Amino acid sequence: MKQKKEVEIVEHSIMNHLKVFLVDMISRTPHGHDDMEIGVILDGKMDLFIEDAHYSLVQHDIYIISRYQMHSFHCPGKKAVILAFQIQDAFYTTINPRLHYLRTDCNVIRDGSGPLHQTLFSRLFSCADWYFSEKSFHDLKCASMILDVLYSLFDHSCCSIITQKEADAMELNTVRLNHFTDYIGAHYMEQISLDTLADLEHISTYYASHYFRDNLGISFQEYLANIRFQRAYYLVRHTNLNITDICLESGFSSSRYLNQMFVKKLGMTVKEYRKSDNRPRLLTPDLPSDNKQTPYSFEQSAFLLKKYHGK
(Lines give C-alpha, C1' and ligand atoms only; values in the text may rest on other atoms or scores of the structure.)
Protein backbone atom coordinates (compact mmCIF):
# COMPACT_ATOMS: atom_id res chain seq x y z
CA MET A 1 0.00 0.00 0.00
CA LYS A 2 1.32 3.41 -0.95
CA GLN A 3 2.16 5.51 2.09
CA LYS A 4 -0.04 8.54 2.64
CA LYS A 5 1.89 11.78 2.35
CA GLU A 6 1.61 14.19 5.26
CA VAL A 7 3.06 17.70 5.17
CA GLU A 8 2.09 20.99 6.71
CA ILE A 9 -0.65 22.52 4.55
CA VAL A 10 -0.67 26.32 4.58
CA GLU A 11 -4.15 27.85 4.34
CA HIS A 12 -4.43 30.80 2.00
CA SER A 13 -6.76 33.77 2.28
CA ILE A 14 -7.07 37.20 0.67
CA MET A 15 -5.23 35.94 -2.44
CA ASN A 16 -5.14 32.56 -4.05
CA HIS A 17 -1.75 30.88 -3.66
CA LEU A 18 -0.15 33.74 -1.67
CA LYS A 19 -0.30 34.46 2.05
CA VAL A 20 1.42 37.45 3.65
CA PHE A 21 1.46 37.88 7.43
CA LEU A 22 3.32 39.35 10.39
CA VAL A 23 4.17 37.13 13.34
CA ASP A 24 5.85 37.40 16.72
CA MET A 25 8.29 34.48 16.69
CA ILE A 26 9.93 32.87 19.71
CA SER A 27 10.41 29.31 18.49
CA ARG A 28 9.16 26.84 15.89
CA THR A 29 10.09 23.16 15.85
CA PRO A 30 11.73 21.58 12.79
CA HIS A 31 9.15 21.21 10.03
CA GLY A 32 8.63 21.47 6.30
CA HIS A 33 5.69 22.48 4.14
CA ASP A 34 4.56 22.53 0.54
CA ASP A 35 4.96 26.29 0.08
CA MET A 36 8.02 28.38 -0.71
CA GLU A 37 8.59 30.84 2.14
CA ILE A 38 10.34 34.21 2.15
CA GLY A 39 10.70 36.24 5.33
CA VAL A 40 12.06 39.62 6.44
CA ILE A 41 13.23 40.17 10.03
CA LEU A 42 11.51 43.40 11.04
CA ASP A 43 12.73 43.48 14.63
CA GLY A 44 14.91 41.40 16.96
CA LYS A 45 17.32 38.55 16.29
CA MET A 46 16.60 35.00 15.20
CA ASP A 47 18.43 31.70 14.81
CA LEU A 48 17.35 29.94 11.63
CA PHE A 49 18.08 26.23 11.18
CA ILE A 50 17.72 24.89 7.62
CA GLU A 51 18.50 21.19 7.33
CA ASP A 52 22.01 20.96 8.84
CA ALA A 53 22.88 24.67 8.51
CA HIS A 54 22.54 27.39 11.15
CA TYR A 55 22.17 31.12 10.46
CA SER A 56 22.01 34.00 12.94
CA LEU A 57 19.70 36.66 11.49
CA VAL A 58 19.28 40.30 12.48
CA GLN A 59 16.94 43.13 11.54
CA HIS A 60 16.26 43.46 7.79
CA ASP A 61 17.95 40.15 6.89
CA ILE A 62 15.91 38.09 4.41
CA TYR A 63 15.54 34.31 4.45
CA ILE A 64 14.29 32.05 1.64
CA ILE A 65 13.10 28.48 2.18
CA SER A 66 12.30 26.04 -0.63
CA ARG A 67 9.26 23.80 -0.70
CA TYR A 68 9.75 20.74 1.52
CA GLN A 69 12.97 22.13 3.01
CA MET A 70 13.19 21.31 6.72
CA HIS A 71 13.63 24.41 8.90
CA SER A 72 13.08 25.77 12.39
CA PHE A 73 13.27 29.09 14.22
CA HIS A 74 14.58 30.10 17.63
CA CYS A 75 14.88 33.62 19.01
CA PRO A 76 17.50 34.21 21.72
CA GLY A 77 16.21 36.55 24.38
CA LYS A 78 13.03 38.30 23.33
CA LYS A 79 10.81 37.60 20.34
CA ALA A 80 11.49 38.58 16.75
CA VAL A 81 8.93 40.15 14.43
CA ILE A 82 8.81 38.57 10.97
CA LEU A 83 7.12 39.65 7.75
CA ALA A 84 6.50 36.34 5.97
CA PHE A 85 5.39 35.39 2.47
CA GLN A 86 4.19 31.84 1.79
CA ILE A 87 3.90 31.12 -1.92
CA GLN A 88 2.12 28.07 -3.28
CA ASP A 89 3.78 26.56 -6.32
CA ALA A 90 0.58 26.96 -8.37
CA PHE A 91 1.34 30.67 -8.26
CA TYR A 92 4.26 30.30 -10.66
CA THR A 93 3.89 26.86 -12.27
CA THR A 94 0.97 28.11 -14.36
CA ILE A 95 3.52 30.42 -15.99
CA ASN A 96 6.28 27.84 -16.33
CA PRO A 97 5.64 24.20 -15.32
CA ARG A 98 9.38 23.63 -14.79
CA LEU A 99 9.18 25.94 -11.78
CA HIS A 100 7.46 23.09 -9.92
CA TYR A 101 11.04 21.96 -9.31
CA LEU A 102 12.23 25.34 -8.03
CA ARG A 103 15.00 25.10 -5.44
CA THR A 104 16.62 27.86 -3.38
CA ASP A 105 20.42 27.86 -3.61
CA CYS A 106 21.03 30.68 -1.10
CA ASN A 107 18.87 30.73 2.00
CA VAL A 108 19.88 34.09 3.49
CA ILE A 109 20.34 37.54 1.94
CA ARG A 110 22.02 39.82 4.47
CA ASP A 111 21.07 43.43 5.08
CA GLY A 112 23.59 45.69 3.36
CA SER A 113 24.97 42.87 1.19
CA GLY A 114 24.31 44.71 -2.06
CA PRO A 115 21.79 45.41 -4.84
CA LEU A 116 19.95 42.08 -4.51
CA HIS A 117 19.02 42.76 -0.89
CA GLN A 118 17.94 46.29 -1.78
CA THR A 119 15.72 45.01 -4.58
CA LEU A 120 14.15 42.22 -2.55
CA PHE A 121 13.61 44.39 0.52
CA SER A 122 11.91 47.11 -1.51
CA ARG A 123 9.71 44.69 -3.50
CA LEU A 124 8.66 42.68 -0.47
CA PHE A 125 7.67 45.71 1.56
CA SER A 126 5.77 47.18 -1.38
CA CYS A 127 4.02 43.86 -1.94
CA ALA A 128 2.98 43.74 1.73
CA ASP A 129 1.71 47.34 1.54
CA TRP A 130 -0.55 46.37 -1.34
CA TYR A 131 -1.57 43.07 0.27
CA PHE A 132 -2.84 44.82 3.39
CA SER A 133 -4.53 47.64 1.44
CA GLU A 134 -8.01 47.95 -0.01
CA LYS A 135 -6.82 49.33 -3.31
CA SER A 136 -8.47 48.08 -6.48
CA PHE A 137 -6.71 45.10 -8.08
CA HIS A 138 -4.24 44.88 -5.21
CA ASP A 139 -3.93 41.16 -5.95
CA LEU A 140 -2.56 41.83 -9.44
CA LYS A 141 -0.03 44.28 -8.03
CA CYS A 142 1.10 41.80 -5.36
CA ALA A 143 1.43 39.04 -7.95
CA SER A 144 3.60 41.20 -10.19
CA MET A 145 5.91 42.07 -7.30
CA ILE A 146 6.32 38.49 -6.11
CA LEU A 147 7.10 37.38 -9.65
CA ASP A 148 9.70 40.15 -9.81
CA VAL A 149 11.19 38.85 -6.53
CA LEU A 150 11.44 35.35 -7.99
CA TYR A 151 12.99 36.68 -11.20
CA SER A 152 15.57 38.65 -9.18
CA LEU A 153 16.52 35.49 -7.28
CA PHE A 154 17.01 33.61 -10.54
CA ASP A 155 18.89 36.50 -12.09
CA HIS A 156 21.37 36.45 -9.19
CA SER A 157 21.75 32.63 -9.29
CA CYS A 158 19.96 32.18 -5.97
CA CYS A 159 17.52 29.63 -7.40
CA SER A 160 17.75 26.69 -9.74
CA ILE A 161 15.62 23.94 -11.23
CA ILE A 162 16.16 20.47 -9.77
CA THR A 163 15.11 17.12 -11.19
CA GLN A 164 11.83 15.39 -10.40
CA LYS A 165 13.79 12.71 -8.56
CA GLU A 166 15.40 15.34 -6.33
CA ALA A 167 12.05 17.05 -5.73
CA ASP A 168 10.40 13.74 -4.77
CA ALA A 169 13.27 13.01 -2.37
CA MET A 170 12.82 16.42 -0.70
CA GLU A 171 9.11 15.77 -0.23
CA LEU A 172 9.75 12.32 1.22
CA ASN A 173 12.35 13.80 3.59
CA THR A 174 9.83 16.37 4.82
CA VAL A 175 7.09 13.81 5.37
CA ARG A 176 9.42 11.40 7.17
CA LEU A 177 11.13 14.01 9.33
CA ASN A 178 7.79 15.58 10.26
CA HIS A 179 6.73 12.13 11.47
CA PHE A 180 9.93 11.80 13.50
CA THR A 181 9.85 15.23 15.15
CA ASP A 182 6.10 15.07 15.82
CA TYR A 183 6.49 11.69 17.49
CA ILE A 184 9.42 12.80 19.62
CA GLY A 185 7.57 15.98 20.63
CA ALA A 186 4.62 13.91 21.82
CA HIS A 187 6.59 11.13 23.56
CA TYR A 188 9.87 12.64 24.85
CA MET A 189 8.81 11.96 28.47
CA GLU A 190 8.70 8.24 27.68
CA GLN A 191 11.44 5.74 26.89
CA ILE A 192 11.80 6.03 23.11
CA SER A 193 14.59 4.83 20.88
CA LEU A 194 15.78 5.07 17.32
CA ASP A 195 14.21 1.65 16.77
CA THR A 196 10.83 3.23 17.50
CA LEU A 197 11.30 5.85 14.79
CA ALA A 198 12.59 3.28 12.32
CA ASP A 199 9.47 1.18 12.87
CA LEU A 200 7.26 4.22 12.18
CA GLU A 201 8.69 4.51 8.67
CA HIS A 202 9.44 0.82 8.05
CA ILE A 203 13.16 1.47 7.61
CA SER A 204 16.27 0.04 9.29
CA THR A 205 17.66 1.57 12.46
CA TYR A 206 20.97 2.14 10.67
CA TYR A 207 19.24 4.07 7.88
CA ALA A 208 17.14 6.06 10.39
CA SER A 209 20.28 7.07 12.29
CA HIS A 210 22.05 8.44 9.21
CA TYR A 211 18.82 9.94 7.89
CA PHE A 212 18.26 11.90 11.10
CA ARG A 213 21.79 13.29 11.20
CA ASP A 214 21.87 14.10 7.48
CA ASN A 215 18.66 16.13 7.70
CA LEU A 216 19.03 17.88 11.07
CA GLY A 217 22.78 17.95 11.53
CA ILE A 218 22.66 16.15 14.90
CA SER A 219 22.00 12.61 16.04
CA PHE A 220 18.66 11.30 17.28
CA GLN A 221 20.05 11.05 20.83
CA GLU A 222 21.31 14.64 20.73
CA TYR A 223 17.95 15.89 19.45
CA LEU A 224 16.01 13.96 22.11
CA ALA A 225 18.38 15.16 24.86
CA ASN A 226 17.97 18.77 23.69
CA ILE A 227 14.18 18.53 23.82
CA ARG A 228 14.30 17.04 27.30
CA PHE A 229 16.80 19.64 28.44
CA GLN A 230 14.74 22.56 27.16
CA ARG A 231 11.71 21.24 29.04
CA ALA A 232 13.77 20.77 32.21
CA TYR A 233 15.35 24.21 31.76
CA TYR A 234 11.89 25.79 31.69
CA LEU A 235 10.80 23.89 34.82
CA VAL A 236 13.96 24.85 36.71
CA ARG A 237 13.48 28.52 35.84
CA HIS A 238 9.72 28.84 36.33
CA THR A 239 8.68 26.27 38.98
CA ASN A 240 9.70 25.09 42.43
CA LEU A 241 9.63 21.41 41.49
CA ASN A 242 12.40 19.30 42.98
CA ILE A 243 14.98 17.71 40.72
CA THR A 244 13.37 14.26 40.83
CA ASP A 245 10.01 15.62 39.66
CA ILE A 246 11.71 17.69 36.96
CA CYS A 247 13.39 14.52 35.66
CA LEU A 248 10.03 12.76 35.52
CA GLU A 249 8.36 15.71 33.76
CA SER A 250 11.12 16.08 31.16
CA GLY A 251 12.02 12.45 30.50
CA PHE A 252 15.49 12.32 32.08
CA SER A 253 16.29 8.92 33.59
CA SER A 254 18.26 10.40 36.50
CA SER A 255 19.23 13.65 38.20
CA ARG A 256 22.86 12.82 37.39
CA TYR A 257 22.17 12.99 33.66
CA LEU A 258 20.15 16.18 34.07
CA ASN A 259 23.00 17.82 35.98
CA GLN A 260 25.47 16.73 33.30
CA MET A 261 23.35 18.52 30.70
CA PHE A 262 23.16 21.68 32.82
CA VAL A 263 26.93 21.71 33.31
CA LYS A 264 27.49 21.13 29.60
CA LYS A 265 25.13 23.89 28.45
CA LEU A 266 25.21 26.38 31.34
CA GLY A 267 28.42 25.63 33.22
CA MET A 268 26.72 24.74 36.53
CA THR A 269 24.45 22.15 38.13
CA VAL A 270 20.71 22.63 38.63
CA LYS A 271 21.21 23.52 42.30
CA GLU A 272 23.96 26.02 41.48
CA TYR A 273 21.84 27.53 38.73
CA ARG A 274 18.86 28.05 41.04
CA LYS A 275 21.05 29.72 43.66
CA SER A 276 22.87 31.96 41.19
CA ASP A 277 22.07 35.69 41.14
CA ASN A 278 23.46 35.93 37.62
CA ARG A 279 22.02 33.03 35.70
CA PRO A 280 23.86 32.45 32.41
CA ARG A 281 22.11 32.01 29.09
CA LEU A 282 22.47 28.92 26.97
CA LEU A 283 26.01 28.71 25.58
CA THR A 284 24.95 27.26 22.21
CA PRO A 285 21.66 27.39 20.31
CA ASP A 286 19.60 24.21 20.17
CA LEU A 287 16.97 23.15 17.73
CA PRO A 288 13.72 24.40 19.30
CA SER A 289 11.45 21.87 20.96
CA ASP A 290 8.16 23.77 20.99
CA ASN A 291 6.05 26.22 19.01
CA LYS A 292 5.80 29.74 20.41
CA GLN A 293 4.54 32.16 17.81
CA THR A 294 1.72 34.70 17.65
CA PRO A 295 0.41 35.86 14.27
CA TYR A 296 -1.04 39.34 13.99
CA SER A 297 -4.52 39.92 12.59
CA PHE A 298 -4.98 41.51 9.18
CA GLU A 299 -5.74 44.88 10.77
CA GLN A 300 -2.82 44.68 13.21
CA SER A 301 -0.47 43.68 10.39
CA ALA A 302 -1.52 46.66 8.27
CA PHE A 303 -0.88 48.99 11.21
CA LEU A 304 2.47 47.50 12.23
CA LEU A 305 3.75 47.41 8.67
CA LYS A 306 3.56 51.21 8.52
CA LYS A 307 5.49 51.38 11.79
CA TYR A 308 8.31 49.14 10.59
CA HIS A 309 8.48 50.52 7.06
CA GLY A 310 10.15 53.65 8.35
CA LYS A 311 12.81 51.83 10.37
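Student: Let's start with Gly 185: is this residue buried, partly exposed or exposed?

Tutor: Gly 185 counts as partly exposed, because its relative accessibility is 37%, and partly exposed is the class between under 20% and over 50%. Keep in mind that this is a predicted model.

Student: Where does Gly 185 lie?

Tutor: Gly 185 belongs to helix H4, which covers residues 164-187. A chain also brings together residues that are separated in sequence: Gly 185 and Thr 29 are 156 residues apart in sequence, with 9.0 Å between their C-alpha atoms.

Student: Let's try Asn 215. Is Asn 215 buried or exposed?

Tutor: Asn 215 counts as buried, because its relative accessibility is 8%, and the cut-off for buried is under 20%. Asn 215 sits in helix H6 (residues 205-216).

Student: Which residues does Asn 215 touch, beyond those up to four places away in sequence?

Tutor: Asn 215 touches Glu 51, Asp 52, Asn 173 and Leu 177.

Student: Now the nonpolar core. How many residues has the largest one?

Tutor: The largest nonpolar core has 42 residues, and those with the most contacts inside it are Met 36, Ile 38, Ile 62, Leu 83, Phe 85 and Leu 153. Among the elements giving two or more residues to this core are strand S1 (18-31), strand S7 (80-88) and helix H3 (138-155). Helix H2 supplies the largest share, 8 residues.

Student: What is Met 36 in contact with, leaving aside neighbours within four places in sequence?

Tutor: The contacts of Met 36 include Ile 64, Phe 85, Tyr 92, Leu 150 and Leu 153. There is also a second, separate core of 19 residues, which includes Met 70, Ala 208, Tyr 211 and Phe 220.

Methods:
Residues numbered from 1 in each chain as written. Predicted model: local features only at pLDDT ≥ 70, side-chain atom pairs only at ≥ 80, totals over all residues. Heavy atoms only, no water. Helix = DSSP H or I, 4+ residues; strand = E, 2+ residues; numbered from the N terminus. Buried < 20%, exposed > 50% of the residue type's maximum accessible area, 1.4 Å probe, protein only. Core = buried A, V, L, I, M, F, W, Y, C linked by side-chain atoms within 4.5 Å. Contact = heavy atoms within 4.5 Å.
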